[in-house]
Amino acid sequence: MNHVQEGLAWLNDPDNWTTRGGLLDRLQEHVMISLWALLLGCAIGWPLGIWLGHRGRGGGAAVTIANLTPALPALALLTILPLTPLGFGQPAVVLALAVLAVPPLLANACDGLRRIDPETREAARGMGLSAGQVLRQVELPLAVPSLAAGLRTAAVQVVAVTALAAFAGGGGLGQLISSGLGIGINRGGGGQIVAGGIAVAALALLVEALLALLQWLVTPRALRTRRRPLPVATAA
C-alpha cells in the first residue's frame, strides 16, 4: 500500500475524525484561526485601501508596497512572531496570517475605487452629495466586486498557509501533518501526512468555490463578463 492509499484509508476511518485531537477538532481550529486572521486583515486592509482609493493619491505606491509583503516567506513570519512577547500559540499565528492577508485586501479595495469613472464622481457631487456621501452611496457600491475579489484571494491564501500554524504551536489541520512527520513516513505516519494534505487542499478549494460564487453574485450583470480580479502575488 502506497502513501496515497494509506491516506485515503486514514480518512475512511471514523475514529480519526471523531477522536480527541482528530480531524474534526483540527478542522475547527483551522477554520477559526483562518477566520480571525481574515477578520483582522479586513480591519486593516479594507479601510486603508478604501481611504487611499477615495483620495486618489498615494494608492499606487501603497499597492506596490503591499504586493511586496507576500514575498516574505510565510514560515519565516510564523517562526519570528512566536519569539516576540506574543509567544507560541494562536495569537502569534493569527497576527502572522493577518499580515499575509492585508496585501490582496488593500490592493483590491484601492484599485476598485480608483477604477471608478471620474465623471461618475463629478455627477454625484453635482447632485449635491458630500464627499462622505459620494463614498458611501456611489464609490463603495461600485467597488464591491473588487472588495469581494480581494476577500477571495486573501481567504484562500490564509486557509492554505494556516497549515503551517502547527509549527508555531497554533494547531489546525497542519497538526496532522506535523504528527505524521513525528511518527515517521515509513512507520505509519505517511498516510496521516497525506490525509492532512488532502484535508487542507479540500478546504482551500471549498473556500475558493464559495467566495467565487459570492464574487459573481455581488458583481453587476453588465460587468461579469469583463471584470477580472486584480492579480496579487501569493505568499512563498
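**Salt bridges, helices and exposed side chains**

Trainee: To start with Asp-111, is that residue buried or exposed?

Mentor: Asp-111 counts as buried, with a relative accessibility of 15%. Buried stands for under 20% relative accessible area, exposed for over 50%, and partly exposed for values in between, with a 1.4 Å probe and protein chains only. This is a predicted model, in which local features need pLDDT of at least 70 and side-chain atom pairs count only at pLDDT 80 or more, while totals for chains, interfaces and linings use all residues. Residues are numbered from 1 along each chain as its sequence is written, and side-chain values use heavy atoms, with hydrogens and water left out.

Trainee: Which side chain meets that of Asp-111 in a salt bridge?

Mentor: The partner is Arg-115, at 2.6 Å from N to O. The term requires a side-chain nitrogen of Lys or Arg within 4 Å of a carboxyl oxygen of Asp or Glu. Arg-115 is partly exposed at 43% relative accessibility.

Trainee: How many salt bridges does a search of the whole structure find?

Mentor: The search finds 3. Another joins the side chains of Arg-152 and Glu-208 at 2.5 Å, N to O. Arg-152 belongs to helix α8 (residues 131-161) and Glu-208 to helix α10, so this pair ties together parts that are 56 residues apart in sequence. Both ends are partly exposed: Arg-152 has a relative accessibility of 21%, and Glu-208 has a relative accessible area of 26%.

Trainee: Which residue meets Arg-26 in a salt bridge?

Mentor: Glu-29 does, at 2.9 Å from N to O. The two residues lie in helix α3, 3 residues apart, or about one turn of the helix. An α-helix has 3.6 residues a turn, so residues three or four places apart point the same way. Arg-26 is buried at 18% relative accessibility, whereas Glu-29 is partly exposed at 24%.

Trainee: Turning to the fold, how many helices and strands are there in the chain?

Mentor: The chain has 10 helices and 0 strands. These elements are DSSP runs numbered from the N terminus, helices being H or I with at least four residues and strands E with at least two. Of the 236 residues, 45% count as buried. Among contacts between residues at least 6 apart in sequence, 77% join residues at least 24 apart; a contact means heavy atoms within 4.5 Å.

Trainee: What span does α3 reach from its first C-alpha to its last?

Mentor: With 33 residues, α3 reaches 47 Å, close to the 48 Å expected at 1.5 Å a residue. The expected span is 1.5 Å times one less than the number of residues. There is a bend of about 25 degrees at Cys-42 in α3, given by the angle between axes fitted to the seven residues ending there and the seven starting there. After α3 comes Gly-56, with a positive phi near 80 degrees.

Trainee: And where does the kink in α6 lie?

Mentor: The kink is at Ala-101, shortly before the proline Pro-103, and amounts to about 30 degrees. Helix α6 (residues 90-114) has 25 residues and spans 36 Å, close to the expected 36 Å. This helix is mostly covered, with 20 of its 25 residues buried.

Trainee: On the surface, which residues make the nonpolar patch?

Mentor: Val-31, Met-32, Leu-35, Trp-36 and Leu-39 make a patch of about 470 Å². Patches consist of residues with over 30% relative accessible area and no salt bridge, joined within 9 Å for like charges and within 5 Å for nonpolar side chains (Val, Leu, Ile, Met, Phe, Trp, Tyr). Met-32 is found in helix α3 (residues 23-55) and is partly exposed, with a relative accessible area of 35%. The chain exposes about 12,100 Å², of which carbon and sulfur atoms supply 66%. Such areas come from the Shrake-Rupley method with a 1.4 Å probe; for residues, only the protein chains shown count as cover.

Trainee: Which residues does Ile-198 touch, not counting those up to four places away in sequence?

Mentor: Ile-198 touches Leu-8 and Leu-11. Ile-198 lies in helix α10 (residues 190-218) and is partly exposed at 34% relative accessibility. Although Ile-198 and Leu-11 are 187 residues apart in sequence, their C-alpha atoms are 9.2 Å apart in space.

Trainee: What about Leu-181: which helix holds Leu-181?

Mentor: Leu-181 is in helix α9 (residues 174-183), partly exposed with a relative accessible area of 46%. Leaving out residues up to four places away in sequence, Leu-181 touches Phe-167 and Ile-193.
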